[in-house]
Amino acid sequence: AAELIHGALREVIVGRPLELGARFSEMKVRLRNLGQVGLGAMALSAVDVALWDLHARLLGAPLYTVLGAARRRVPIYGSGGFTSYTLAELSEQLGGWARAGIPRVKMKVGRAPAEDPTRVRAARRAIGDDTELFVDGNGAYGRSQSLAMAARFAEERVVWFEEPVSSDDLSGLHAVRLRAPFGMEIAAGEYGWDAFYFRRMLEAGAVDVLQADATRSGGITGFLQAAAIADAYGVPLSAHCAPALHLHPCAAVLRFRHLEYFHDHARIEQLFFDGAPRPEGGELIPDEGRPGLGLELKRRDAERYRS
């Protein structure tokens, strides 16, 4: 992505970085024949995030106030619960988040479907009755299998079923959503590259909650486009991973549900950045004293990982 930015996008922004809308559109055009999805979308996303951060820093203001603050505190959910974990590891991680005051947690399912009901029961025991439990299938199940698993998960009061089938199978998501147990929301969208992707997903009635990831969907600009489309359909938006990056745009989204406090990303953010937010109960709070995204690279700590 860095090579693509330097080779294809650098000329678009050098000398005139603050015309944010124009720069976004020009980067899209520059990528038309190189590929506007995949690596191209991630390169564009990185530049767009950097430009918004720069814009707010020059104004001396936190980015969420520049974007138009909708809230001061952003609700989160603890996310991890990998399928490689033992039951003890799963219980310790999810139970730890619940004890720390995070009122909702998510675990992975789908690698070994026969084991998933047992793993979900262990998770429920670890977090108690008052914490919401989410599961993420990462598209591992088929349609009928998804409905069967949803019924089993409902016994443990699972309220969120993410990507029960592939996010490319919009009719499948729609079918599962229509027949899922009452009170269980179907979510997807983390692999969306552009506004057209999100529109197609919502036109298909595929989800109860739309997900978007600013590192893939066009940075801050694309994330806010996804939020606007979701708002037009009356569907809430949830942010996928990268909590330090998403905190500020999430604080500016009107119809917002929550932000994924993803275990691996949160760990890396604390390692590499001063100013990376830490949960306060079940929320992240932007630092009013730090302009832009509020992050500063720990260059000395990061240098050891230079390849």
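## A parallel pair: β3 and β4

Strand β3, which covers residues 132–136, runs parallel to β4, and the two are joined over four bridges. Within this pairing F134 has W160 of β4 as its bridge partner. As for its surroundings, β4 is mostly covered, with four of its five residues counted as buried. The model described here is a predicted one, and the statements that follow should be read with that in mind.

The loop that leads from α7 to β4 (158–162) contains R157. Although R157 is not a glycine, its phi is positive, at about 60 degrees. With a relative accessible area of 39%, R157 is partly exposed, because that value falls between the 20% under which a residue counts as buried and the 50% over which a residue counts as exposed.

## The chain as a whole

The chain contains 13 helices and 11 strands. Its radius of gyration is 20 Å, close to the 19 Å that the globule rule gives for 307 residues, and the chain is therefore as compact as a globular protein of that length. Measured out along its principal axes, the C-alpha trace spans about 60 × 40 × 40 Å.

Of the 307 residues, 51% count as buried, while the area that the chain exposes comes to about 13900 Å², with carbon and sulfur atoms supplying 51% of that area. Among the contacts in the chain with a separation of 6 or more, 69% are accounted for by residues 24 or more positions apart. The charged side chains number 37 positive and 38 negative, and the centres of these two sets lie 1 Å apart.

## Strand β8 and its two partners

Strand β8 is formed by residues 256–262, and six of these seven residues are buried, so the strand is largely enclosed by the rest of the structure. One of its pairings is with strand β1 (residues 74–79), in the parallel sense and over four bridges; here G78 has Y261 of β8 as its bridge partner.

A further pairing links β8 to strand β7 (residues 237–239), again in the parallel sense, over three bridges. In this case the bridge partner that L237 finds in β8 is F256.

## From β7 to helix α11

Between β7 and α11 (243–250) there is a loop, and C241 has its place in that loop. C241 has a positive phi of about 60 degrees although it is not a glycine, and with a relative accessible area of 4% C241 is buried.

Helix α11 itself is largely enclosed by the rest of the structure, because eight of its eight residues are buried. These buried residues are P243, A244, L245, H246, L247, H248, P249 and C250.

## Residues in helices α1, α7 and α13

L9 is found in helix α1, which comprises residues 2–13, and with a relative accessible area of 0% this leucine is buried. If residues up to four places away in sequence are not counted, L9 touches L4, M27, R30, L31, A43, L44 and V47. By contrast with these contacts, L9 and F262 are 253 residues apart in sequence and 30 Å apart in space, C-alpha to C-alpha.

A154 lies in helix α7, made up of residues 143–154, and at 30% relative accessibility A154 counts as partly exposed. Once its neighbours within four places in sequence are left aside, A154 is in contact with P181 and M184; the C-alpha atoms of A154 and M184 are 7.5 Å apart in space, although the two residues are 30 residues apart in sequence. In helix α13 (residues 299–303) is the place of R300, which counts as exposed at 77% relative accessibility. R300 and F272 are 28 residues apart in sequence, and their C-alpha atoms are 9.1 Å apart in space.

Conventions: Residues numbered from 1 in each chain as written. Predicted model: local features only at pLDDT ≥ 70, side-chain atom pairs only at ≥ 80, totals over all residues. Heavy atoms only, no water. Rg over C-alpha atoms; globule rule 2.2 N^0.38 Å. Buried < 20%, exposed > 50% of the residue type's maximum accessible area, 1.4 Å probe, protein only. Contact = heavy atoms within 4.5 Å. Areas by Shrake-Rupley, 256 points an atom, 1.4 Å probe, with all protein chains shown as cover. Lys, Arg positive; Asp, Glu negative; His and termini not counted. Charge placed at Lys NZ, Arg CZ, Asp CG, Glu CD. Pairing = 2+ DSSP bridges.
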